Amino acid sequence: MAVRAPFDDPRWSALRRVPATTARGDISELLRGAERGDRVVITRSGKPVVAIVPLTDLAVLLHEDSSAEPEMMGKISRRALSTDENTIDFDELVGGGGGAAAEPQDRINALLLLARDHRAVEDLFEQFEKARGPSAKERLARRICTHLKIHSMIEEEIFYPALRGKIPDDDLDEAYVEHDGAKVLINEIEAGSPDDAFYDAKVKVLKEQIEHHVEEEEKVRGNIFQQARASDVDLEALGEQMIARKAELMAQAQSGALAPAALVTLQHERA
Ligand SMILES: [Fe+2]
Ligand SMILES: [Fe+2]
């Protein structure tokens, strides 16, 4: 896909520029910035070569390139998330959110993507706790809900089904039910506002539920990620599918078309 840099756009010259040699040392700070919405252009010998941008930008890019074949989307997303292979490699980029071990080679890995999502939502919950004022709280709570809806969808549609039959059913069943428990609160929070009674408490309990769930996915002994790593599931191929789906869902969220979270295991609640 040919992409022409918008050199004649005044916003282009206003973007922060960071030499590749500096970016290598500052990658953690640059990634945190991108998660907050910053866009940074990486230069080599003074010339812009690549950019580190939020995933929402990638979602727009993929959305606009809707003529691309589905199998191309993974390649596009990889390229769009990638920085120059000679300066900052892709694994540093996707693994830079902390907690997730980098995998060798230029590979999208399902576990890296999910772990990075977990770190991002933990950060949002922290920001919510520090936020003062109803508008900041509502903005953050809505970001948390959107983030969790998309994350649970890519897990339920792609990640968990790929593990079915490879790890104990009980572990997967528990994960689905935990997701549904969280979705009840997510939909409540999205439908409400900080003026409502119990609003902050709902966000706090959601945070606690997610902490517990993330522990079982990637922290406790015998966690789901560990079992996935030990299985013969192609985590790279899964990662490609997941990031393509995530981009679609992020584009939906941006256009306001992302539906409330759908419950799949809580029959009575769903009725
Ligand atoms: Fe997860
Ligand atoms: Fe999960």
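Q: What percentage of the 271 residues of the protein chain count as buried?
A: The structure is a predicted model. A residue is counted as buried if 20 or more other C-beta atoms lie within 10 Å of its own. Of the 271 residues of the protein chain, the share that meets this criterion is 31%.

Q: How many helices and how many strands are there in the protein chain?
A: Both kinds of element occur in the chain. The protein chain holds three strands, and its helices number 13.

Q: Are helix 8 and helix 9 roughly parallel or roughly antiparallel to each other?
A: The axes of helix 8 (residues 134-163) and helix 9 (residues 169-191) come within 10 Å and cross at roughly 155 degrees. Angles over 145 degrees count as roughly antiparallel. The two helices are therefore roughly antiparallel.

Q: How many residues of the contact of helix 8 with helix 9 are nonpolar?
A: Helix 8 contributes residues including C145, L148 and Y160, while helix 9 contributes L172, I186 and I189 among others. Of the residues in this contact, five are charged and two are polar. The number of nonpolar residues is 11.

Q: Which helix gives the most residues to the largest nonpolar core?
A: This core has 26 residues, of which A110, L111, L113, F159 and M242 touch the most other members. At least two residues each come from helix 7 (110-130), helix 8, helix 9, helix 11 (224-230) and helix 12 (235-254). With nine residues, the element that gives the most is helix 12.

Q: How many residues form the second, separate core?
A: Among the members of this second core are A182, L185, V203 and A261. In total, the number of its residues is 15.

Key. Residues numbered from 1 in each chain as written. Chains lettered and ligands numbered in written order. Predicted model: local features only at pLDDT ≥ 70, side-chain atom pairs only at ≥ 80, totals over all residues. Axes fitted to C-alpha atoms, helices over the stretch in contact; angles between N-to-C directions. Helix = DSSP H or I, 4+ residues; strand = E, 2+ residues; numbered from the N terminus. Parallel < 35°, antiparallel > 145°, perpendicular 65-115°, else oblique. Contact = placed C-beta atoms within 7 Å. Nonpolar A, V, L, I, M, F, W, Y, C, P; charged D, E, K, R; others polar. Buried ≥ 20, exposed ≤ 12 C-beta atoms within 10 Å, placed from the backbone. Core = buried A, V, L, I, M, F, W, Y, C linked by C-beta atoms within 7 Å.
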